[in-house]
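Hi,

Here is the structure I promised to pass on. Have a look at it first, and then read on for what turned up.

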Amino acid sequence: MTFIWDDSQFVNIINLYKKSEYWTDILETAGNNVIDDIENDAKRLAPKDTGQLENSIVGSVSTSGNNVNFLLTSSHPAASIIEFGGYSPFPPWEEVGGVLPFPVAKKVFENQPFKAPQPYIRPALINNLPRLEKEVVKVAQKKI
C-alpha cells in the first residue's frame with residue numbers, strides 16, 4: 001500500500017518561491033527533513049497487535065521532473081484494509097501458502113476485525129503538514 005501526499009496544498013508557499021530555480025530542491029530538502037518524524041508518527045498510530053504493520057511502514061521523498069512526492073508505504077498485506085476499514089475476505093492459511101493457521105484464518109473471517117477503519121497514515125501526514133510548511137519556508141530562506 002502506498003499513500004502519495006498531494007503537494008497542491010503548498011500552492012501558497014510555493015507561489016512565494018516558484019520563480020526561484022530551486023523550488024523542487026526546496027520541497028525535496030524540506031520533505032527529507034521531516035519524513036522521519038512523519039514515519040514515526042504513522043508507526044506510533046498503527047495498531048500494535050504483532051508489530052508487523054508498524055515495522056513495515058517506510059517514508060521517503062522523491063522527485064520526478066517538477067513533482068515532489070512524499071510517500072509513506074507499507075508492505076503489510078492488511079495495511080490498506082486497516083487504514084480504510086472494510087470487509088475482510090477469507091485470508092490465506094498455511095496449507096495454501098499463507099501465514100495463519102486455518103482456525104485463526106477462519107476466526108478472522110468470522111469476526112471481521114477490519115470492519116471499522118483504524119487510520120494511522122493519513123493522520124500522520126495531516127498532523128505533520130504544519131511542520132512541513134514551516135520547514136519549506138526555513139529551507140527556502142536558506143537557499144534564496
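Before the helices, one bit of bookkeeping: the expected span of a helix is 1.5 Å times one less than its number of residues. Please also keep in mind that this is a predicted model.

Let's put that rule to use on helix 6, residues 121–143. With 23 residues, helix 6 should span 33 Å, and its end C-alpha atoms are 30 Å apart, which agrees. Helix 6 does have a kink, though: about 45° at L129, shortly before the proline P130.

Helix 2 (residues 23–45) gives a similar story. It has 23 residues too, and from the first C-alpha of helix 2 to the last is 31 Å, close to the 33 Å expected. Helix 2 also has a kink, of about 40° and centred on V34.

So how do helix 2 and helix 6 sit against each other? They pack at an angle of about 155°, and their axes are 8 Å apart. Angles over 145 degrees count as roughly antiparallel, so helix 2 is roughly antiparallel to helix 6. As for the residues in this contact, 15 are nonpolar, five are polar and six are charged. The crossing of helix 2 past helix 6 is right-handed.

Which residues of the two helices are buried? In helix 6 they are I121, A124, L125, N128, L129, L132, E135, V136, V139 and A140, so you'll find the kink residue L129 on that list. In helix 2 the buried ones include T24, I26, L27, A30, G31, I35 and I38, and V34, where the kink is centred, is buried as well. The charged residues E39 and D41 of helix 2 are also buried. When you look at the spacing in those lists, it helps to know that an α-helix has 3.6 residues a turn, so residues three or four places apart point the same way.

Stepping back to the whole protein: there are six helices and three strands, and along the sequence they follow the pattern β-α-α-α-β-β-α-α-α. Of its 144 residues, 40% count as buried.

One last spot to look at is H76, in the loop between strand 3 (67–74) and helix 4 (79–84). Is H76 buried or exposed? Its relative accessibility is 19%, and the cut-off for buried is under 20%, so H76 counts as buried. H76 and E54 are 22 residues apart in sequence, with 8.9 Å between their C-alpha atoms.

Cheers

How values were computed
Residues are numbered from 1 along each chain as its sequence is written. This is a predicted model: local features need pLDDT of at least 70, side-chain atom pairs count only at pLDDT 80 or more; totals for chains, interfaces and linings use all residues. Side-chain values use heavy atoms; hydrogens and water are left out. Helices (H or I, at least four residues) and strands (E, at least two) are DSSP runs, numbered from the N terminus. The bend at a residue is the angle between axes fitted to the seven residues ending there and the seven starting there. Buried means under 20% relative accessible area, exposed over 50%, partly exposed in between (1.4 Å probe, protein chains only). Axes are lines fitted to C-alpha atoms, for helices over the stretch in contact, and angles run from 0 to 180 degrees between N-to-C directions. Angles under 35 degrees count as roughly parallel, over 145 as roughly antiparallel, 65 to 115 as roughly perpendicular and the rest as oblique. A crossing is left-handed if the near helix is turned anticlockwise from the far one by less than a right angle, and right-handed if clockwise.
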